Amino acid sequence: MGKYSKVAILFHWAIALLIGANILLANLAEDLPKAARAAYMSPHKAIGISILVLTVGRILWRLSHRPPAMPDKVAGLQAKAGLTVHMLFYVLMIAMPLTGWLMIGANGKAAPVDFFGLFTVDMAIGKNTMLSGFAHESHEFLATPLLILIGLHVLGAMKHQFMDKMPFIQRMWP
């Protein structure tokens, strides 16, 4: 069974860790007062930008480098389900950061995002309360499908690894 390239593995785990960190930061900030929330949301925004950039890089890499073939044991509905989960992941890894950007960029008071002390990113796109509200609702709504896909992805990998006795995790392990 083939293994993913080192670059594909790096993209996978970097994005996975950043998504995990962003979920954690958003959950920690959820019920805090506005002033305290900023300490969590500032890195959340910078990580979101990182996820967007890395996802675009990952898609470009994937378009120019074929992934290893799926084992023959994984066919039919399982193969289609896996492909669907991956496609939905790509959609969400683009949609989540973009809706976050629109949410804060269209609220009329978007401060530049400090990108880990290296530089700032101007998020402002002009005041549009309706767009900001729609993006906010979309951003929060998309979190649930993202969490479901993460669960399906992990469960699928574990099923193939432990129940089907295929070295699936090793394909994407550094």
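Visitor: How many residues does the largest nonpolar core have, and which of them have the most contacts inside it?

Guide: In this predicted model, the largest nonpolar core has 15 residues, and those with the most contacts inside it are Ile19, Phe89 and Met93. At least two residues of this core come from each of α1 (6-29), α2 (34-64), α3 (76-105) and α4 (129-163), while the helix that gives the most is α3, with seven residues. Beyond the residues up to four places away in sequence, Phe89 touches Leu146, Leu149, Ile150 and His153.

Visitor: Which residues does the second core include?

Guide: The second core, which is separate and has eight residues, includes Ala110, Phe115, Val121 and Met123. As general background, nonpolar side chains in soluble globular proteins tend to be buried together.

Visitor: Why is Phe115 called buried?

Guide: The relative accessible area of Phe115 is 15%, and buried means under 20%, so Phe115 is classed as buried.

Visitor: What makes the pair of Phe115 and Phe116 edge-to-face?

Guide: The ring centres of Phe115 and Phe116 are 4.9 Å apart, which is within the 6.5 Å that a pair requires. Their planes stand at 65 degrees, and an angle over 60 counts as edge-to-face, so the pair takes that name.

Visitor: And what is the pair of Phe115 and Phe119 called, and why?

Guide: Here the centres are 4.8 Å apart and the planes of Phe115 and Phe119 lie at 15 degrees; because an angle under 30 degrees counts as stacked, this pair is stacked. Ring pairs link Phe115, Phe116 and Phe119 into a cluster, and the count of aromatic pairs in the model comes to three.

Visitor: How do you know whether Phe116 and Phe119 are buried or exposed?

Guide: Phe116 has a relative accessible area of 46%, and Phe119 has one of 43%. Buried would need a value under 20% and exposed a value over 50%, so Phe116 is partly exposed, and so is Phe119. Phe116 is also notable for its backbone, since it has a positive phi of about 55 degrees although it is not a glycine, and its place is in the loop between β1 and β2 (119-121).

Visitor: What is Asp114 in contact with, once its neighbours within four places in sequence are left aside?

Guide: Asp114, which is found in strand β1 (residues 113-115), is in contact with Ala46, Phe119 and Thr120 when those neighbours are left aside. Asp114 and Lys45 are 69 residues apart in sequence, but their C-alpha atoms are 8.5 Å apart in space.

Visitor: Why is Asp114 described as partly exposed, and where does the backbone nitrogen of Gly117 lie with respect to its side chain?

Guide: The relative accessible area of Asp114 is 38%, and since this falls between the limits of 20% and 50%, the residue is partly exposed. A polar atom of the Asp114 side chain lies 2.8 Å from the backbone nitrogen of Gly117.

Visitor: What makes Ser132 a buried residue, and which residues does it contact?

Guide: With a relative accessible area of 10%, Ser132 falls under the 20% limit and is therefore buried. Its place is in helix α4, and its contacts, neighbours within four places in sequence left aside, are with Leu102, Met103, Ala106 and Asn107. A polar atom of the Ser132 side chain lies 2.6 Å from the backbone oxygen of Met103.

Visitor: How does the span of α4 compare with the one expected at 1.5 Å a residue?

Guide: Helix α4 has 35 residues and reaches 50 Å from its first C-alpha to its last, which is close to the expected 51 Å. The buried residues of α4 include Ser132, His139, Leu146 and Gln161, and what covers the buried residues of this helix includes α1, α2, α3 and α5 (168-171).

Visitor: Why is Lys165, which follows α4, called exposed?

Guide: Lys165 has a relative accessible area of 65%, and exposed means over 50%, so Lys165 qualifies. Its place is in the loop between α4 and α5, and it has a positive phi of about 60 degrees although it is not a glycine.

Visitor: What makes Arg171 count as lying over the face of Phe168?

Guide: Arg171 is placed at 5.1 Å from the ring centre of Phe168, and because the limit for that distance is 6 Å, it satisfies this part of the rule.

Technical notes
Residues are numbered from 1 along each chain as its sequence is written. This is a predicted model: local features need pLDDT of at least 70, side-chain atom pairs count only at pLDDT 80 or more; totals for chains, interfaces and linings use all residues. Side-chain values use heavy atoms; hydrogens and water are left out. Helices (H or I, at least four residues) and strands (E, at least two) are DSSP runs, numbered from the N terminus. Buried means under 20% relative accessible area, exposed over 50%, partly exposed in between (1.4 Å probe, protein chains only). Contact means heavy atoms within 4.5 Å. A polar contact is a pair of N or O atoms within 3.5 Å; within protein, one must be able to donate a hydrogen and the other to accept it, and residues adjacent in sequence count only if both atoms are side-chain atoms. A nonpolar core is a set of buried Ala, Val, Leu, Ile, Met, Phe, Trp, Tyr and Cys residues joined through side-chain atoms within 4.5 Å. The expected span of a helix is 1.5 Å times one less than its number of residues. Rings of Phe, Tyr and Trp (its six-membered ring) pair if their centres lie within 6.5 Å; planes under 30 degrees apart count as stacked, over 60 as edge-to-face and the rest as tilted. A charge sits over a ring if NZ of Lys or CZ of Arg is within 6 Å of the ring centre and within 35 degrees of the ring normal.
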